[in-house]
Amino acid sequence: WKIGRDKRLRGCIGTFSAMNLHSGLREYTLTSALKDSRFPPMTRDELPRLFCSVSLLTNFEDVGDYLDWEVGVHGIRIEFFNEKGSKRTATYLPEVAKEQGWDHIQTIDSLLRKGGYKAPITNDFRKTIKLTRYRSEKMTMSYAEYIAHRQHHHYQNGIGHPLPPYNHYS
């Protein structure tokens, strides 16, 4: 979820678990809108300013070298052990590094921090990371586009009157 003209992040939660597409989209749409701990739950007043994106992740490949991926092409998921010996993971979708203007090292280091690694990051430590690269198919729709689509679909089905502008996250 992003909001406003500047499309600020408003919620983002996903999964790496395989699941039914229809029920998975419904579940994660609501989870990311209402339960992302970084943000308060979305409100009805925000709806007209929202943009919803869905990224379907494909082509997962475990790679031996933490630099074996392409900025703007691959998303990356890292696994590492933090200072206390706990296994941690973090991911960025393919567009993140490119949007931020990051190179490979900046992206890896940012992901380590995102995943909770607090110690100084050395090149030797980077080499211990298990990296999985993947690709993504992304679609984005504004709330206005969603309403227009719903209206068009409603008329196409011969019902003949417009839908209400708000249909409780359906």
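Here are some short exercises on this predicted model, each with a worked solution.

Some ground rules before starting. Residues are numbered from 1 along each chain as its sequence is written, and side-chain values use heavy atoms, with hydrogens and water left out. Since the model is predicted, local features need pLDDT of at least 70 and side-chain atom pairs count only at pLDDT 80 or more, while totals for chains, interfaces and linings use all residues.

**Exercise 1. The parts list**

Work out which helices and strands the protein has, and in what order they run.

*Solution.* Start with the definition: helices (H or I, at least four residues) and strands (E, at least two) are DSSP runs, numbered from the N terminus. On that basis there are five helices and six strands. Now walk along from the N terminus, and you get β-β-α-β-β-β-α-α-α-β-α. For the record side, UniProt's unreviewed entry annotates residues 1-150 as "domain: AMMECR1"; such annotations may be inferred rather than shown by experiment, and positions are in the numbering used here, with feature names shortened. That span is 29% helix and 29% strand, and its end C-alpha atoms lie 19 Å apart.

**Exercise 2. The sheet**

Find the strand order in the sheet, and say which strands stand at its edges.

*Solution.* Two strands pair if DSSP finds at least two bridges between them. Tracing the partners gives an open sheet of six strands, S2-S1-S3-S6-S4-S5, with antiparallel pairing. The edges belong to S2 (8-9) and S5 (87-92): each has a single partner strand, so one side of each is left without a neighbour in the sheet.

Next, go through some of the pairs:

- S3 (residues 50-63) and S6 (residues 130-142) run antiparallel, joined by eleven bridges; valine 54 has methionine 139 in S6 as its bridge partner.
- S4 and S6 share five bridges, again antiparallel, and glutamate 79 is matched with lysine 130 in S6.
- S4 and S5 are antiparallel with six bridges, and phenylalanine 81 has lysine 87 in S5 as its bridge partner.

**Exercise 3. Around S4**

How many residues of S4 are buried, and what lies between S4 and S5?

*Solution.* Buried means under 20% relative accessible area, exposed over 50%, and partly exposed in between (1.4 Å probe, protein chains only). Strand S4 (residues 75-81) is mostly covered, with five of its seven residues buried. Moving on from S4, you hit a hairpin to S5 with five residues in between; glycine 85 in the turn has a positive phi of about 85°.

**Exercise 4. Odd backbone angles**

Where do lysine 7 and asparagine 59 sit?

*Solution.* Take lysine 7: its phi is near 50°, a positive value in a residue other than glycine. Lysine 7 belongs to the loop between S1 (2-3) and S2, and it is partly exposed, at a relative accessible area of 40%. Then asparagine 59: here phi is near 55°, also positive in a residue other than glycine. Asparagine 59, though, is in strand S3.

**Exercise 5. The whole chain**

Describe the overall dimensions, burial and contacts of the protein.

*Solution.* Along its principal axes, the C-alpha trace spans about 65 × 30 × 30 Å. Of the 170 residues, 32% are buried. For contacts (heavy atoms within 4.5 Å), look at those between residues at least 6 apart in sequence: 64% of them join residues at least 24 apart.
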